[in-house]
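Open the model in your viewer and keep the sequence panel beside it. This tour tells you what to select at each stop, and what is there.

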Amino acid sequence: MISSVEMGNLQCKYLKLESAHSLSNYTIHIIFLSQKFIYKPEQDTIQLKTNDQVSKLINELKAGILVIDDEEMDINIQNETYSIYKNKGYTENKFLVIANRDKKVITPVNKYFIQQLIDWLKGVDFGKG
C-alpha cells in the first residue's frame, strides 16, 4: 500500500501490486459502504487502473460539485462499474451518491468529502511509488 486515507464513508487506497515477472501494476481502490442497512454493512469498490480512469472520475466528481448546490440542476452518471447521482430532497445537506452499478450498495457523500476525494486523487502520482 502506497497511501491510504478515509473520507467520511469512503476508504481510499493507492496500491502497487508486483507480479512474478517484475511488472508493477498500480491501482486506486475507493471503497464505499452502503447506508441502506444498519446491521449488515455492505460495501463495494471502485477500482481505477489507468490515468484515464482517474481523470474521468475527477471530472465526474467536479461536475457533481457544480450542481450540488442548485436544486434545479441534476446529475446522473452511470458507467460499467459505478454510478454517481445527486441526492435530491435534502435542501440543507447537499450530497452526491456513489453507488455500484446496480445501485444496491449506495453511500451519500457531502460536498466537503467530494472535494477531499478530488484533491486526494489529484495528489496521487499514478504509476509511481
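Helices (H or I, at least four residues) and strands (E, at least two) are DSSP runs, numbered from the N terminus. The model is predicted: local features need pLDDT of at least 70, side-chain atom pairs count only at pLDDT 80 or more, and totals for chains, interfaces and linings use all residues. Residue numbers start from 1 along each chain as its sequence is written, and side-chain values use heavy atoms, with hydrogens and water left out.

**Whole chain**

Start with a cartoon view. The protein has two helices and eight strands. Trace the chain along the sequence and the pattern reads β-β-β-β-α-β-β-β-β-α. Now colour by accessibility. Of the 129 residues in the protein, 38% are buried. Buried means under 20% relative accessible area, exposed means over 50%, and partly exposed lies in between (1.4 Å probe, protein chains only). Contact means heavy atoms within 4.5 Å. Among the contacts in the protein with a separation of 6 or more, 41% are between residues 24 or more positions apart.

**Stop 1: Lys 16**

Select Lys 16, in strand β2. Lys 16 is partly exposed, with a relative accessible area of 30%. Show its surroundings. Leaving aside neighbours within four places in sequence, Lys 16 is in contact with Ile 2, Ser 24, Asn 25, Tyr 26 and Gly 129. Add Ser 3: the two residues are 13 residues apart in sequence, and 9.8 Å apart C-alpha to C-alpha.

**Stop 2: the aromatic rings**

Show the side chains of Phe, Tyr and Trp. Rings of these residues (for Trp, the six-membered ring) pair if their centres lie within 6.5 Å; planes under 30 degrees apart count as stacked, over 60 as edge-to-face and the rest as tilted. How many aromatic pairs are there by this rule? The count comes to three.

Pick Tyr 14 and Tyr 26. Their ring centres are 6.0 Å apart and their planes are at 25°, so the pair is stacked. Tyr 14 sits in strand β2 (residues 10–18) and Tyr 26 in strand β3 (residues 24–33), so this pair, 12 residues apart, links distant parts of the chain. Both sites are buried: Tyr 14 has a relative accessible area of 3%, and Tyr 26 has 16%.

Next, select Tyr 112 and Phe 113. This aromatic pair is edge-to-face, 5.2 Å centre to centre with 70° between the planes. Tyr 112 is exposed, with a relative accessible area of 54%. Phe 113 is partly exposed, at 26%.

**Stop 3: Phe 126**

Go back to the two tyrosines and add Phe 126. Ring pairs link Tyr 14, Tyr 26 and Phe 126 into a cluster. Phe 126 lies in the segment after α2. Is Phe 126 buried or exposed? Phe 126 is buried, with a relative accessible area of 13%. Outside its neighbours within four places in sequence, its contacts include Thr 27, Ile 28, Leu 48, Lys 49, Thr 50, Asn 51 and Val 54. Measure across to Leu 15: the C-alpha atoms of Phe 126 and Leu 15 are 9.7 Å apart, with their positions 111 residues apart in sequence.

**Stop 4: the helix pair**

Select helix α1 (residues 51–68) and helix α2 (residues 111–123); they pack at an angle of about 155°, with their axes 10 Å apart. Axes are lines fitted to C-alpha atoms, for helices over the stretch in contact, and angles run from 0 to 180 degrees between N-to-C directions. The angle makes α1 roughly antiparallel to α2 (under 35 degrees is roughly parallel, over 145 roughly antiparallel, 65 to 115 roughly perpendicular, the rest oblique).

Show the side chains at the contact. From α1, take Val 54, Leu 57, Ile 58, Leu 61, Lys 62, Ile 65 and Ile 68. From α2, take Lys 111, Ile 114, Gln 115, Leu 117, Ile 118, Leu 121 and Lys 122. These residues divide into 10 nonpolar, one polar and three charged. Here Ala, Val, Leu, Ile, Met, Phe, Trp, Tyr, Cys and Pro count as nonpolar, Asp, Glu, Lys and Arg as charged, and the others, Gly among them, as polar.

**Stop 5: Thr 45**

Move to Thr 45, in strand β4 (residues 43–48). Thr 45 is partly exposed, with a relative accessible area of 26%. Beyond its neighbours within four places in sequence, Thr 45 is in contact with His 29, Ile 30, Ile 31 and Phe 32. The C-alpha atoms of Thr 45 and Ile 30 are separated by 5.4 Å.

**Last stop: Lys 103**

Finish at Lys 103, in the loop between β7 (95–100) and β8 (106–110). Its phi is near 60°, a positive value in a residue other than glycine.
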